[in-house]
Amino acid sequence: MTDLNTSPAAQAKAADYVKAHAAISNEQLLARLHALFGADTFSDVEEPYGLLTATVSRHRIHEILDVLHGEKELLLNFLTTMCGVHWPERKDEELSVVYQLHSMIHNIRLRLKIFFPIADPVVPTMTDIYATANWMEREAYDFYGIIFTGHPNLIRILNVEDMDYHPMRKEYPLEDGTREDKTDLFFGR
């Protein structure tokens, strides 16, 4: 029996496909993003560990992710992760949501960040674009209090429903300073 996956025709077809869909450099990716949305849409552009990272406005994030999901040249159709972050030292930008997108075809990754005040923790849901955003948004809501408008079931996912705070916010001391039953000798302090 002949294995069709290793036939010369199949190998040539696969080679042509790979050549036509060669990996895109971060410079090419950024140029494409600027062409699609304008250079002024992206700020704080950097490449930590080779991962193109940029900050965008929360008011444009849904539009940007929607276009990138369906854009044929980039094929950024996989939301690898989405998480909330609390930055208490950043005035009027205390909360953040980080989206990491991946193109399995081109093997390129893109990280987009949005920042917003803790007093207005509202972000549009991405569940209509990426089904994987559902539980990730619920987790960000549960731990950081970020409200995703349009989410189909925005309830706590890991903590109890009647919890009245968001435990990953850096609003509470890491240790109880009144404890007397613990000695710091064992902790190198």
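Start by selecting asparagine 107: at 55% relative accessibility, this residue counts as exposed. The cut-offs here are under 20% relative accessible area for buried, over 50% for exposed, and partly exposed in between, with a 1.4 Å probe and protein chains only. Asparagine 107 sits in the loop between S4 and S5, and has a positive phi of about 55° although it is not a glycine.

Before moving on, some ground rules. This is a predicted model, in which local features need pLDDT of at least 70 and side-chain atom pairs count only at pLDDT 80 or more, while totals for chains, interfaces and linings use all residues. Residues are numbered from 1 along each chain as its sequence is written, and side-chain values use heavy atoms, with hydrogens and water left out.

**The whole chain**

Zoom out and colour by secondary structure. You should find four helices and seven strands, in the order α-α-β-β-α-β-β-β-β-α-β from the N terminus on. Helices (H or I, at least four residues) and strands (E, at least two) are DSSP runs, numbered from the N terminus. Of the 189 residues in the chain, 37% are buried. Turn on the surface and you are looking at about 11,600 Å² of accessible area, 55% of it from carbon and sulfur atoms; the method is Shrake-Rupley with a 1.4 Å probe.

**The sheet**

Now select S1 to S5. These five strands make an open sheet in the order S1-S2-S5-S4-S3, with mixed pairing. Strands S1 (43-46) and S3 (78-86) are at the edges with a single partner strand each, so one side of each has no neighbour in the sheet. On average, neighbouring strands of this sheet are turned by 15° against each other, direction ignored. Two strands pair if DSSP finds at least two bridges between them.

Go to S5, residues 108-116. Which way do its neighbours run, parallel or antiparallel? S2 (residues 52-55) runs parallel to S5, joined by four bridges, and S4 (residues 95-103) runs antiparallel to S5, joined by nine bridges. To check the register, pick threonine 55, which stands opposite lysine 113 in S5. Then try tyrosine 99, which faces leucine 112 in S5. S5 is mostly covered, with seven of its nine residues buried. Four residues separate S4 and S5 in their hairpin, and asparagine 107, your starting point, is in the turn.

Slide over to S1. It runs antiparallel to S2, with two bridges between them, and glutamate 46 has threonine 53 in S2 as its bridge partner. S1 and S2 also form a hairpin, this one with five residues between the strands; click on tyrosine 49 in the turn for a positive phi of about 55°.

Then pick aspartate 92, in the loop between S3 and S4. Its phi is positive, about 65°, although aspartate 92 is not a glycine. With 47% relative accessibility, aspartate 92 counts as partly exposed.

**Helix H3**

Select residues 61-70 and show side chains. Which residues of helix H3 are buried? They are Ile61, Ile64, Leu65 and Leu68. Look down the axis of H3: the buried residues fall within an arc of 90°, so they line one face of the helix. The arc is that of the directions from the helix axis to the C-beta atoms. An α-helix has 3.6 residues a turn, so residues three or four places apart point the same way. Those buried residues of H3 pack against helix H2 (26-37), S4, S5 and strand S6 (122-124).

**An aromatic pair**

Next, show phenylalanine 37 and phenylalanine 42. Their ring centres are 6.2 Å apart and their planes are at 70°, so the pair is edge-to-face. Rings of Phe, Tyr and Trp (its six-membered ring) pair if their centres lie within 6.5 Å; planes under 30 degrees apart count as stacked, over 60 as edge-to-face and the rest as tilted. Phenylalanine 37 counts as buried at 8% relative accessibility, and phenylalanine 42 counts as buried at 7%.

**Last stop: isoleucine 157**

Finish in the segment after strand S7 (147-149), where you'll find isoleucine 157. At 23% relative accessibility, isoleucine 157 counts as partly exposed. Leaving out residues up to four places away in sequence, isoleucine 157 touches Trp135, Arg138, Glu139 and Asp142, where contact means heavy atoms within 4.5 Å. Draw a distance to alanine 140, 17 residues apart from isoleucine 157 along the chain: the C-alpha atoms are separated by 9.4 Å.

Definitions and conventions: Axes fitted to C-alpha atoms, helices over the stretch in contact; angles between N-to-C directions.
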